[in-house]
Amino acid sequence: MGYDPENPMKDRITDIGPPHYERFFPQVIKDNYGKWLYHEIVRPGVLKHVSESGAECYTVRVASARLISIEHIREMCDIADKHCDGILRFTTRNNAEFMVDDEAKVQPLLDDLASRGNKFPVGGTGASVSNMVHTQGWVHCHTPATDASGVVKAVMDEIFDYFVEMKLPAKCKMALACCINMCGAVHASDIAILGIHRKPPMVDNEAITGVCEIPLAISACPLGAIKPAKVTLENGDEIKSVKVNAERCMFCGNCYTMCPAMPLADPEGDGCAILVGGKVSASRTGATFSKLVIPFLPNNPPRWPEVVQAVKKILEAWAKNARKYERIGEWAERIGWERFYEKCDIPFSDKSIDDYRLAYDTWRTTTQFKFTSHIK
Amino acid sequence: MALSIEELKAAILEKALNGPKPQLYLKDFYACDPDSKPRVIKKAANEMVTEGKMVFWSSGSTTMYAAKGRAKDEESRGT
Amino acid sequence: MPKHDTPLMDELEKGPWPSFVSDLKRQAEKNPECWDILGQMELSYKDKITHWKHGGIVGVFGYGGGIVGRYSDSPDKFPGVAHFHTVRLNQPSSKFYSTEMLRKVCDLWEKHGSGMTNMHGSTGDMVLLGTRTEELEPLFFDLTHELKWDLGGSGSNLRTPSCCLGKARCEWACYDTQAACHTLTMHYQDEIHRPAFPYKFKFKFSGCANDCVASAARSDFAVIGTWRDNIRINQDEVKKYISGELKAGGGIADSFGAFDIKKDVIGHCPTGCMWMEGGDLKIDDAECTRCMHCINVMPRALRPGVDQGATIMMGAKAPILDGAQLATMVIPFVKPTADNDFEDLIEVIEKAWDWWMEFGKNRERIGETMQRVGLPSFLRVMEVEPIPQHVKEPRCNPYVFWEAAEVEGGWDRDIKEFRERHKM
């Protein structure tokens with residue numbers, strides 16, 4: 001019967017949750033749930049899982065842009081209907097996975113994918129760059145300091161070979177968040193691109209009364225840089241507003257989240273920082289945060305050449321110098337961050353020295369260091 | 001002794017309608033009855049929304065409550 | 001809706017990586033508002049700044065989550081995206097789909113929205129990107145009636161839980177991550193759909209320490225699979241890796257050259273608890289910290305033990321505002337199981353929630369509350385006995401918050417009596 005606007009509560013259904021996952025398992029998954037014995041990477045982007053029962057599941061992993069249309073999803077469905085008994089899945093890193101239960105079905109699937117232009121690149125397994133997780137950027141977000149989809153496209157175009165081949169020392173997980181809210185968390189990634197602002201918020205006194213709860217704006221600031229202020233508008237009205245102590249501002253944008261009358265985005269002020277060396281898995285060393293090694297690169301659409309080159313330089317310096325199984329952070333720890341800066345040809349500045357909370361943890365408190373070119 | 005759920009709802013609505021702050025965090029309602037557990041207060045506040053007397057306001061990351069008509073919103077400005 | 005000139009966007013149709021611009025153009029043939037998405041994005045590329053503004057009270061009636069409001073700041077130029085709200089659908093655990101179900105979602109979104117999606121959002125939801133306020137209730141009606149599917153979380157709610165694919169296709173899952181994720185998602189529908197907390201709260205479930213859903217970095221409540229007996233070793237398979245018959249990591253890299261068990265496996269062991277003895281690989285399991293490296297490198301020779309369960313870690317978050325936090329180990333070992341509807345997890349969760357709802361400040365994640373009150377206080381709240389595993393190392397300062405009851409005679413003293421013995 002469909003929705004009846006006259007009776008919005010009629011037959012209303014709520015709190016039913018998602019469909020049960022078991023409904024969507026391929027037969028080979030259903031039959032071998034919890035019985036998997038080992039896996040192999042047959043070739044880049046193709047996994048083979050073998051069960052105690054002897055059954056095999058071949059998985060072909062393809063990248064997606066994450067920002068995808070329903071026409072694109074329908075095309076994925078066509079592929080899954082043709083090759084995979086009508087089932088597919090998505091990974092946490094925005095890849096799609098097509099599964100078949102027989103080795104003979106793999107090549108026809110790969111051929112089909114390859115015949116569809118650049119839509120379904122196969123890769124992202126083992127010692128490769130995996131698909132970049134990212135946020136919305138200018139396609140949908142109200143607080144970004146850079147775009148997301150476009151930057152990712154530009155970076156992945158440039159380092160594409162590292163996605164479709166497995167020739168790195170270890171896996172490399174990359175991520176982009178278009179502002180420091182990090183709705184896609186990038187703080188534990190091998191290489192992270194992070195949108196940052198560099199101009200303090202303006203105060204729109206004409207609008208603030210209508211759109212903003214003043215106390216919320218004031219309490220949003222982690223550094224107490226926002227204070228209440230009485231302001232006289234052009235029409236002579238005196239209103240309650242706020243003023244910003246710009247010297248205290250750390251450009252987090254938390255005030256804008258709570259108060260739309262305090263915009264801080266700016267074409268020249270905004271850009272990207274590069275952070276490296278984080279990881280989440282506990283493999284060998286525990287989870288670590290990414291470190292800010294390049295404090296700012298400009299937004300230069302449509303292809304962000306400065307950002308792309310910086311990422312490529314770091315990736316290739318690591319690829320050339322690291323030992324087998326060393327993630328970027330493990331490599332940098334071993335050779336020392338002063339050597340990392342040299343190897344990656346990145347200038348060091350005081351912007352990479354922490355002066356926020358808990359900063360002391362990162363200051364060097366030993367005479368053990370290397371005489372790199374930084375010491376004149 | 002803790003208020004009954006109906007008494008609690010009345011106290012919450014009173015605060016949302018006539019308090020100095022038009023938009024409130026859930027925690028702001030805890031003072032409506034110090035003897036009620038936060039979960040009971042949450043339940044009462046959310047029931048007020050289901051009854052159409054209050055609305056949710058969300059920044060996307062944070063959610064607040066307001067009496068119907070008191071929340072700041074783009075749509076209510078005719079966008 | 002007319003097409004706009006988009007020379008900057010068009011540039012992103014080139015190159016080997018899939019192009020979202022080509023995709024938007026393709027969708028625009030069916031949903032013309034996509035021309036306005038491209039047009040507004042082109043304007044952002046020219047101006048180097050966003051043209052969206054935020055939402056406020058947009059949602060479906062009775063829910064405080066699942067929809068995020070969004071409006072264009074240039075609706076006259078781009079009327080197709082004047083309203084552009086996001087809809088979050090709670091994904092099925094670990095994101096397997098039948099094409100039948102996916103096509104139904106596509107049809108739903110062609111009817112009620114822009115036709116653009118994110119597969120998936122960072123928290124795990126399927127994200128439908130861009131619709132008008134008046135479409136929300138009809139969409140929700142069709143979603144719940146025809147697809148029998150529900151929205152995910154946003155705002156100060158329990159956010160949509162997510163998990164790795166676990167036992168469905170991985171030999172390392174030490175508990176049933178999908179069952180845990182689905183069971184708790186269903187158990188906490190109210191908390192997902194209506195605000196309940198000082199701020200967001202996230203559950204993530206990983207089957208092993210490789211942590212494919214980044215639970216240790218991204219969730220307030222992380223359940224990470226582990227075991228507490230011995231790694232299972234198949235010595236015949238170990239020999240096949242050494243002889244080169246089997247490839248390291250199941251073929252993790254094409255560039256690694258010859259396998260060297262001393263360097264590639266034993267040399268990377270963080271505890272140094274492995275060695276070769278007479279052609280056999282030996283492990284002193286009591287010293288093993290279950291990091292997964294050796295198992296990752298020799299998946300056919302080594303497997304997690306059989307006494308499997310999970311470690312509970314709490315309090316991870318991204319930097320906003322006081323800085324990023326990784327999850328802190330709280331409970332070393334539980335055995336999460338569907339046999340008791342995961343009540344061991346529920347008990348821990350609700351103990352933490354009851355405390356955080358009362359003592360957490362507005363917009364404070366539980367990890368920040370933990371840090372503010374200190375881990376000893378938090379462990380008392382959780383009724384967990386403090387053990388050395390809770391810290392990397394003991395504290396280096398002596399400022400212990402002793403309690404009166406712990407000190408002989410308590411804190412009540414008489415200054416007059418003191419002065420009789422000690423003149424000023």
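## Where two domains of chain C meet, and a buried aspartate in chain B

Between domain 1 of chain C and domain 2 of chain C, 9 residue pairs are in polar contact, with both partners at pLDDT 80 or more. That confidence score is a reminder that you are looking at a predicted model. On the side of domain 1 of chain C that touches domain 2 of chain C, the residues comprise 9 polar, 2 nonpolar and no charged ones. Across this interface, the count of salt bridges is 0.

To find these parts in the structure, follow the domain assignment of chain C: domain 1 covers 7-145, domain 2 is made of 162-228 + 307-390, and domain 3 covers 232-303. Here are some further values for the pairing of domains 1 and 2.

| Domain 1 and domain 2 of chain C | Value |
|---|---|
| Separation of centres, over C-alpha atoms | 31 Å |
| Area buried between them | about 1,000 Å² |
| Share of that area on carbon and sulfur atoms | 49% |
| Residues of domain 1 in contact with domain 2 | 11 residues |
| Residues of domain 2 in contact with domain 1 | 16 residues |

Now let us turn to chain B. Look for D28(B) in the loop between β1 (23-24) and α2 (38-50) of that chain. Is this residue, D28(B), buried or exposed? D28(B) counts as buried because its relative accessible area is 15%, under the 20% cut-off. The side chain of D28(B) comes to 2.8 Å from the backbone nitrogen of Y25(B). Leaving aside residues up to four places away in sequence, D28(B) touches K15(B) and K21(B), and also N362(C).

Terms used: Residues are numbered from 1 along each chain as its sequence is written. Chains are lettered from A and ligands numbered from 1 in the order in which they are written. This is a predicted model: local features need pLDDT of at least 70, side-chain atom pairs count only at pLDDT 80 or more; totals for chains, interfaces and linings use all residues. Side-chain values use heavy atoms; hydrogens and water are left out. Domain bounds come from an automatic or database domain assignment. Contact means heavy atoms within 4.5 Å. Buried area is the accessible area (1.4 Å probe) that two parts lose on being put together, summed over both. A salt bridge is a side-chain nitrogen of Lys or Arg within 4 Å of a carboxyl oxygen of Asp or Glu. A polar contact is a pair of N or O atoms within 3.5 Å; within protein, one must be able to donate a hydrogen and the other to accept it, and residues adjacent in sequence count only if both atoms are side-chain atoms. Ala, Val, Leu, Ile, Met, Phe, Trp, Tyr, Cys and Pro count as nonpolar, Asp, Glu, Lys and Arg as charged, and the others, Gly among them, as polar. Helices (H or I, at least four residues) and strands (E, at least two) are DSSP runs, numbered from the N terminus. Buried means under 20% relative accessible area, exposed over 50%, partly exposed in between (1.4 Å probe, protein chains only).
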